[in-house]
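Here are my notes on this model, for someone opening it for the first time. Please read them with the structure on screen.

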Amino acid sequence: AWCLFELYCAAETGCKFEIAMSSDEEKNFLASVIDDAEEIVHKMMGDVKVERSESFKPEDRAMIFKVVEDTVGFPTINAMVFDELRGWVVGTMEKHVYHLYQRAWNTRNGHEGEPCRALRDVIDDPDASWVDEDMYDSLLALATLYRLHSEWAACEKYYRLCYEWYK
């Protein structure tokens with residue numbers, strides 16, 4: 001219950017939400033999203049139910065539930081928690097794509113370790129010869145995440161990019 005309440009508080013106050021993972025956990029998570037972004041999002045949607053959360057101390061759970069009931073209610077807090085998680089998944093995937101792009105750009109240009117251009121430049125790069133399967137699959141997963149949340153402009157950009165690189 002505390003984790004979900006803290007996530008709600010982060011959303012309410014505009015704080016940045018992050019999930020700490022080991023590098024192996026992050027690799028596994030990214031592989032899962034790349035493998036089936038739609039399934040990951042649908043599972044998250046089904047799992048976000050603050051009213052089913054537990055707490056070590058029953059009085060903490062009761063206090064948190066009272067705050068929820070007296071303020072936004074369970075349907076709203078569930079939606080807020082889901083939106084925060086979704087934003088984190090998209091942000092994590094964007095960072096992954098950026099790192100893949102940076103690695104490919106550095107390799108292509110012989111500038112190991114130097115910073116490359118911004119992620120948005122991935123879309124505008126006319127030379128797609130450096131795109132590998134990992135980048136393609138990651139961009140496709142990112143486009144799917146955007147589609148699932150009706151972010152049509154971003155979705156279209158990445159789907160078009162995947163199509164152009166694939167053909």
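1. Start with Trp-2. Trp-2 is partly exposed, because its relative accessibility is 34% and the partly exposed class runs between 20% and 50%. Phe-5 falls on the other side of the lower cut-off. Its relative accessibility is 14%, so Phe-5 counts as buried. Keep in mind throughout that this is a predicted model.

2. How many aromatic pairs does the structure hold? It holds five. One of them joins Trp-2 and Phe-5 in an edge-to-face arrangement. The ring centres are 6.1 Å apart, and the planes meet at 80 degrees. Both residues sit in helix 1, which covers residues 2-13. They are three residues apart, so about one helical turn separates them. An α-helix has 3.6 residues a turn, so residues three or four places apart point the same way. Tyr-8 joins Trp-2 and Phe-5 in one aromatic cluster.

3. Now the setting. The protein has eight helices and zero strands. From the N terminus on, its elements run α-α-α-α-α-α-α-α. Of its 167 residues, 38% count as buried. Take the contacts with a separation of 6 or more: residues 24 or more positions apart account for 67% of them.

4. Helix 5 deserves a close look. This helix has 36 residues. From first C-alpha to last, helix 5 reaches 52 Å, close to the 52 Å expected at 1.5 Å a residue. Just after helix 5 comes Gly-110, with a positive phi of about 65 degrees.

5. Three residues show what helix 5 touches. Val-81 lies in this helix. Its relative accessible area is 0%, so Val-81 is buried. Beyond its neighbours within four places in sequence, Val-81 is in contact with Leu-4, Leu-7, Val-48 and Val-50. Val-81 and Ala-10 are 71 residues apart in sequence, yet their C-alpha atoms are 9.6 Å apart in space.

6. Glu-84 is also found in helix 5. At 21% relative accessibility, Glu-84 is partly exposed. Its contacts, leaving aside neighbours within four places, are Leu-7, Ala-11 and Phe-17. Glu-84 and Phe-17 are 67 residues apart in sequence and 7.1 Å apart from C-alpha to C-alpha.

7. Arg-86 has its place in helix 5 too. Is this charged side chain's residue, Arg-86, buried or exposed? Arg-86 is buried, because its relative accessible area is 17% and buried means under 20%. Arg-86 touches Met-44, His-149 and Glu-151, not counting residues up to four places away.

8. Ser-150 merits a check of its backbone. Most residues other than glycine have a negative phi. Ser-150 is not a glycine, but its phi is positive, about 55 degrees. Where does Ser-150 lie? It lies in the loop between helix 7 (133-148) and helix 8 (152-166). At 46% relative accessibility, Ser-150 is partly exposed.

9. Next, the largest pocket. Its volume is about 180 Å³. The lining consists of Phe-29, Ile-40, Lys-43, Met-44, Asp-47, Val-48, Leu-85, Trp-88 and Val-89. By class, that lining has seven nonpolar, no polar and two charged residues. Which helix gives the most to the lining? Helix 3 does, with four residues. Helix 3 (37-47) and helix 5 (74-109) each supply at least two.

10. Two of the lining residues need a closer look: Phe-29 and Trp-88. Phe-29 is buried, with a relative accessible area of 17%. Trp-88 is buried as well, at 9%. Their ring centres are 5.1 Å apart and their planes lie at 45 degrees, so the pair is tilted. Phe-29 lies in helix 2 (residues 23-35) and Trp-88 in helix 5, so the pair ties together parts that are 59 residues apart in sequence.

Terms used. Residues are numbered from 1 along each chain as its sequence is written. This is a predicted model: local features need pLDDT of at least 70, side-chain atom pairs count only at pLDDT 80 or more; totals for chains, interfaces and linings use all residues. Side-chain values use heavy atoms; hydrogens and water are left out. On a 1 Å grid over the protein atoms alone, a cavity is a set of points where a 1.4 Å probe fits but cannot get out, and a pocket is an open set with protein on both sides within 12 Å along at least five of seven lines; lining residues have an atom within 4 Å of a point. Grid points are joined across faces, edges and corners, and a volume is the space filled by probe spheres set on the points. Ala, Val, Leu, Ile, Met, Phe, Trp, Tyr, Cys and Pro count as nonpolar, Asp, Glu, Lys and Arg as charged, and the others, Gly among them, as polar. Buried means under 20% relative accessible area, exposed over 50%, partly exposed in between (1.4 Å probe, protein chains only). Contact means heavy atoms within 4.5 Å. The expected span of a helix is 1.5 Å times one less than its number of residues. Rings of Phe, Tyr and Trp (its six-membered ring) pair if their centres lie within 6.5 Å; planes under 30 degrees apart count as stacked, over 60 as edge-to-face and the rest as tilted.
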